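The following exercises concern a single protein structure, shown below. Each task is followed by a solution in steps.

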Amino acid sequence: MYYNGNRAKDFMTVEGVKTLGVEKVPPLVARGVVLDMTAQFGVDIVPGGTAITVADIEATLARQGIAIEAGDVVLFNTGWLELIGKDNRQFLEVEPGIDIGAARWLAERDIVAFGGDTWASEVYPNPTGEEFPVNQFMLAQRGIYNFELIDTRALVRDGVFEFLFVLGQPLYVGSTQVNINPVAIC
């Protein structure tokens with residue numbers, strides 16, 4: 001079962017998906033917020049398997065002096081991209097990310113998208129043993145987009161935690177994911 005009650009057998013084909021493809025994702029222009037979880041945990045790279053909780057998000061928001069508002073794109077900086085080319089095995093086997101409680105909390109604030117510098121945006125492996133429950137909840141149940149592998153390092157380095165987030169429309173048809181580079185306008 002996919003978002004809005006769609007069943008895979010009704011729209012998946014060898015050529016790609018006939019509905020819910022990335023071509024349906026509109027261009028996005030929204031307020032972007034980056035939460036520096038490296039500062040929250042006092043590390044350069046948040047350890048793999050670390051669950052980011054509501055308490056962690058609230059503490060980071062307070063430290064950064066910002067709030068999450070309806071319509072926001074919320075990104076998490078965990079330092080995870082620093083592992084690419086240095087420890088690819090660790091990069092792919094585990095990752096820090098939000099837990100399901102944090103996902104529900106974010107969804108209650110009516111954000112349009114979430115993500116960060118990891119490949120799934122949620123803690124992996126999930127401590128509950130479920131496979132990607134955050135992604136299933138956010139996208140399939142709530143229609144909240146997930147942006148993975150977003151490089152937020154320059155924003156954090158420059159102390160920019162709020163910005164204009166601009167994402168063009170993907171040009172692929174029938175795909176369920178795509179590489180596309182958003183822009184932060186500060």
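**Exercise 1.** In this predicted model, classify D72 as buried or exposed, locate D72 relative to the secondary structure, and identify the partners of its side chain.

*Solution.*
Step 1. The relative accessible area of D72 is 1%. Buried means under 20%, so D72 is buried.
Step 2. D72 belongs to the loop that runs between α3 (54-64) and β5 (73-77).
Step 3. The D72 side chain forms a polar contact with the side chain of R31, at 2.4 Å. The side chain of D72 also reaches a backbone atom, the nitrogen of E69, at 2.7 Å.
Step 4. With neighbours within four places in sequence set aside, the contacts of D72 are R31, V33, A67, I111, V112 and A113. R31 therefore appears both as a polar partner and in this contact list.

**Exercise 2.** Determine which element holds Q64, whether Q64 is buried or exposed, and which residues Q64 touches beyond four places in sequence.

*Solution.*
Step 1. Helix α3 contains Q64.
Step 2. Q64 has a relative accessible area of 13%. This value falls under the 20% limit, and Q64 is therefore buried.
Step 3. Once residues up to four places away in sequence are excluded, Q64 touches V34, L35, D36 and F161.

**Exercise 3.** State how many aromatic pairs are counted, then classify the arrangement of Y124 and F132.

*Solution.*
Step 1. Pairing requires ring centres within 6.5 Å, and the count comes to 5 aromatic pairs.
Step 2. The ring centres of Y124 and F132 lie 5.3 Å apart, with an angle of 10° between the planes. Planes under 30 degrees apart count as stacked, so the Y124 and F132 pair is stacked.
Step 3. Together with W119, the residues Y124 and F132 make up one aromatic cluster.
Step 4. Y124 is partly exposed at 22% relative accessibility, and F132 is partly exposed at 27%.

**Exercise 4.** Identify the residues that make the nonpolar surface patch of about 340 Å², and explain why V183 qualifies by accessibility.

*Solution.*
Step 1. The patch is made by V29, L164, V183 and I185.
Step 2. V183 lies in strand β10, which spans residues 183-185.
Step 3. Patch members need over 30% relative accessible area. V183 has 44% relative accessibility, so V183 meets this criterion while counting as partly exposed.

Key:
Residues are numbered from 1 along each chain as its sequence is written. This is a predicted model: local features need pLDDT of at least 70, side-chain atom pairs count only at pLDDT 80 or more; totals for chains, interfaces and linings use all residues. Side-chain values use heavy atoms; hydrogens and water are left out. Patches are made of residues with over 30% relative accessible area and no salt bridge: like charges are joined within 9 Å, nonpolar side chains (Val, Leu, Ile, Met, Phe, Trp, Tyr) within 5 Å. Accessible areas come from the Shrake-Rupley method with a 1.4 Å probe; for residues, only the protein chains shown count as cover. A salt bridge is a side-chain nitrogen of Lys or Arg within 4 Å of a carboxyl oxygen of Asp or Glu. Helices (H or I, at least four residues) and strands (E, at least two) are DSSP runs, numbered from the N terminus. Buried means under 20% relative accessible area, exposed over 50%, partly exposed in between (1.4 Å probe, protein chains only). A polar contact is a pair of N or O atoms within 3.5 Å; within protein, one must be able to donate a hydrogen and the other to accept it, and residues adjacent in sequence count only if both atoms are side-chain atoms. Contact means heavy atoms within 4.5 Å. Rings of Phe, Tyr and Trp (its six-membered ring) pair if their centres lie within 6.5 Å; planes under 30 degrees apart count as stacked, over 60 as edge-to-face and the rest as tilted.
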